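Q: I am new to this structure and would like a close look at one single part of it. Please take me through the details slowly.

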Amino acid sequence: MASIPPAFSQCFPSPKTQEDNERDEEIYKSYDNVTSQLPILHHWPPFSLLHYQSCWIPNVLLPITMAIQSYFNPRPADILLVTNPKSGTTWLKALAFATLHRHTYSLSDHPLLTTTPHDCVPFLETLFSHRTIPHLNILPSPTIFTTHLPLPLLPKSVLSCRIVYLCREPKDTFVSLWSFNERMSISLSGATNRNEGFEFNKAFQLFSQGIAPFGPFWDHELGYWNGSLRRPEKVLFLRYEKMMEDPVNHLRRLAEFMGCPFSTEEQRDGVMEDLVGLCSFDKLSNLEVNKSAVNIDGETSKAPMAPNYYFRKGKVGDWVNHLSIEMAEKLDAITKEKLHGSGLSFETSTAASICASSQV
C-alpha cells in the first residue's frame, strides 16, 4: 500500500468515527466479493491482471478502481492528468504542478527540488488505496490528480473537471513498461538474476494481444482521443513525441487549458523556458530526491515505488534498441488496424528502416 503524500493527509480524518469505519468496511468488502469472481491472468509480474469491464486492471487495484468509480467527484476547477503507464506521467505531473503553482514558489526553492512529482501530484489510485474514502473536496481548488484508468472506468462526473491526456507511441510505451515491470518483479521477488525477471518476448506477445496493465493500449488511447474530439474544452489530448520536440509551446497550451495562461510579460521573461528546464528529464533524474527513497530532509519518499524507478531514459525512439524489425512491424500493423478510421495515428512507415539503420 502506498503511503499518503503529506499534503493530502487532511483528506483522511483521524481518528475515524465508528460509523465511517463500518461504512468503509462494508464498501470494500463488497468490492472484494466482485474481485474474487473475475477472470484473472498471472503473466504480467509482479501483479496479476483482472479483466473488468473490458479492461485489464492489476488485481491489487481493482477494489480501488471500483471505489474511484463510485466516490471520485471532482470539482469543475480540478485537473485530472491521465496516461497509459510509462507514457511520460512523471514529466506531465511536474510540468502541470510547476505551471499551476508558479506564482507560489521560486525556482530556487521549489518543491520539485526536494519532493518527487508523485508526492506533489498523487495518483487517485494512491488516495483510494487505504480502504477508506478520502475527503477530497476539502483540498484547495483547483487540485491536480493523476490516474492511469481508462475513461470508461472513471465516473461520468469526471467530465465536470478538465482532463489532460498524454499519449506515447506504442513501441516506446511497451519497452518502457516492460522495463519498469521487470525491475519491480525482480525487486519484489528478491531475485538476483535478471533472467528471473519478466521475459521480454512473453511481455511483447501479451501487449500485442491487448493484455497489459490498464489495457488494451489502443482502447485506452482511443477513449480519451474520442473524448477530446467530442469535448475539446474538457479533454486536452497531447502527444509525448510532439512535446519533446517543442516543450515550450506545449507548456503554453497546457497552461491555457488549465486556466492559468502565461502572461505576455511571463512569456517575454522566459518563465516557460525556466519551468521546462526545472521539469526536464536531466534535471529531475539527477536530483537526490529522485535517486533514492529519502529526501534532503531525511524523510522517506511517499511515492509508490523507489523514485528512480520512474526515470529510465525519456528518449523518443529507444524501442529500436530492444525490438526486432519483425516485432516493430507487427506492432505497427496492429496499431494501424486498431486506430483505423479514428483520426488518431502514429508514425509507423519507417519502423523497418529505423531498425535496420540502428543495426549498421
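Is the crossing of helix 3 and helix 12 left-handed or right-handed?

A: The crossing of helix 3 and helix 12 is right-handed (the near helix is turned clockwise from the far one by less than a right angle; anticlockwise would be left-handed). This is a predicted model, in which local features need pLDDT of at least 70 and side-chain atom pairs count only at pLDDT 80 or more, while totals for chains, interfaces and linings use all residues. Residues are numbered from 1 along each chain as its sequence is written, and side-chain values use heavy atoms, with hydrogens and water left out.

Helix 3 spans residues 89-100 and helix 12 residues 271-278 (DSSP runs of H or I, at least four residues, numbered from the N terminus). Their axes, which are lines fitted to C-alpha atoms over the stretch in contact, come within 9 Å and cross at roughly 140°, on a scale from 0 to 180 degrees between N-to-C directions. That angle makes helix 3 oblique to helix 12 (not under 35, over 145, or 65 to 115 degrees).

Where the two meet, Leu-95, Ala-98 and Thr-99 of helix 3 make the contact (heavy atoms within 4.5 Å) with Leu-275, Val-276 and Leu-278 of helix 12. Sorted by class, this contact of helix 3 with helix 12 has five nonpolar residues, one polar residue and no charged residues, where Leu, Ala and Val count as nonpolar and Thr as polar.

Elsewhere in the model, an open sheet of four strands has the order 5-4-6-7, with parallel pairing (at least two DSSP bridges between two strands).
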